[in-house]
Amino acid sequence: MAGVARTARPRQWLKNLLVLAAPLAAGVLVDGDTLWRIAIAFVAFCLAASGVYLLNDALDADADRQHPIKRTRPIAAGVVPVPLAYALGIALMVLGVAVGLLVGWPLALVVGVYLVLQVAYCVWLKHVAVIDIVIVSSGFLLRAIAGGVAVGVPLSHWFLLVAAFGSMLMVGGKRYAELVGAHDGARSRRSLKQYTDTYLRFVWQSAATIVILVYGMWAVTGGQYGTNTLLAYTLVPFVIAILRYCQHIDAGDAEAPEDIALHDRLLQVLALVWVLTLVAVLYLPLG
């Protein structure tokens with residue numbers, strides 16, 4: 001059971017907090033049963049994502065045994081039998097969709113789309129350059145979409161663009177770290193053989209530029225409805241946080257975004273300031 005828990009990667013559940021993004025940006029985070037619906041969306045993605053991790057590690061067990069680091073993973077090390085991993089993975093994925101149905105079929109549909117894309121990634125698309133970046137990025141984007149769907153918030157084109165290119169920034173940075181880092185990622189991920197460090201640098205730098213530009217346009221024009229000019233103040237901590245994260249990518253240590261989020265105190269402070277500023281602007285009567 002300890003091996004199953006490790007393979008489920010509970011530390012990765014931090015990504016599922018993206019379900020908060022749409023309700024927070026729309027100013028409805030504390031309205032009615034919003035928090036309950038968001039909690040359901042969070043649990044649904046935790047279950048679905050853990051199911052995908054079990055499936056992925058079961059499929060990669062033979063290759064992981066040849067890797068100096070990944071060979072210690074529970075399935076590769078023989079701690080968790082491969083058939084058990086398949087069974088638990090499928091069960092968790094089905095359960096994730098079922099939990100989504102507690103809110104409604106739209107959320108279950110988003111979870112289902114996420115699972116279809118991620119299973120296709122595990123089986124085949126992880127080996128196709130560029131497409132692998134797009135598929136992993138879609139996982140972050142679908143989490144953000146799920147939050148809006150769960151509470152019935154219309155998703156503006158601004159929100160979708162920020163979520164899409166923010167996701168691409170993280171994934172492009174992850175691939176860049178895998179390629180230039182010390183873990184010899186090219187041996188463990190075939191798609192990396194088709195990349196160069198200059199190309200991946202272009203990807204994450206372009207994504208960083210676009211996400212700052214799009215968020216800035218949303219903020220300075222007053223948000224989705226063009227009425228809240230105070231949103232421009234949220235641009236300052238947002239841009240500094242992006243620049244701080246880009247510093248990690250440039251250093252080649254952004255292979256695990258959740259580790260950066262958990263250990264970079266400056267980035268945590270910047271994120272907190274940004275969230276508090278956004279909450280103050282959206283939820284408090286500031287005149």
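**A guided tour: surface patch, domains and core**

Begin on the surface by selecting Leu14, Leu17, Leu20 and Leu262, which make a nonpolar patch of about 280 Å². The model on display is a predicted one. Keep Leu262 selected and show the helix around it: this residue is found in α12, residues 257–263. Leu262 counts as partly exposed because its relative accessibility is 36%, a value that falls between the limits of 20% for buried and 50% for exposed.

Next, colour the chain by domain. The domain assignment gives domain 1 as residues 1–155 and domain 2 as residues 156–286. Taken over C-alpha atoms, the centres of the two domains are separated by 20 Å. Across the boundary, 33 residues of domain 1 are in contact with 32 residues of domain 2.

Now proceed to the interior and select Leu107, Tyr114 and Leu169. Within the largest nonpolar core, which has 63 residues, these three touch the most other members. Several helices may then be displayed; the elements giving two or more residues to this core include α3 (34–59), α6 (105–123), α8 (157–180) and α11 (235–251). The largest share, 11 residues, is supplied by α3. Both domain 1 (1–155) and domain 2 (156–286) give residues to this core, and it therefore lies between them.

Centre the view on Leu169 for a closer inspection. Leaving aside residues up to four places away in sequence, Leu169 touches Trp204, Ala207, Ala208, Ile242, Tyr245, Cys246 and Ile249.

Conclude by selecting Ala58, Ala61, Ile75 and Val80, which are among the 7 residues of a second, separate core.

Methods: Residues numbered from 1 in each chain as written. Predicted model: local features only at pLDDT ≥ 70, side-chain atom pairs only at ≥ 80, totals over all residues. Heavy atoms only, no water. Patch = residues over 30% accessible without salt bridge, like charges linked within 9 Å, V, L, I, M, F, W, Y side chains within 5 Å. Areas by Shrake-Rupley, 256 points an atom, 1.4 Å probe, with all protein chains shown as cover. Salt bridge = Lys/Arg side-chain N within 4 Å of Asp/Glu carboxyl O. Helix = DSSP H or I, 4+ residues; strand = E, 2+ residues; numbered from the N terminus. Buried < 20%, exposed > 50% of the residue type's maximum accessible area, 1.4 Å probe, protein only. Core = buried A, V, L, I, M, F, W, Y, C linked by side-chain atoms within 4.5 Å. Domains from an automatic or database assignment. Contact = heavy atoms within 4.5 Å.
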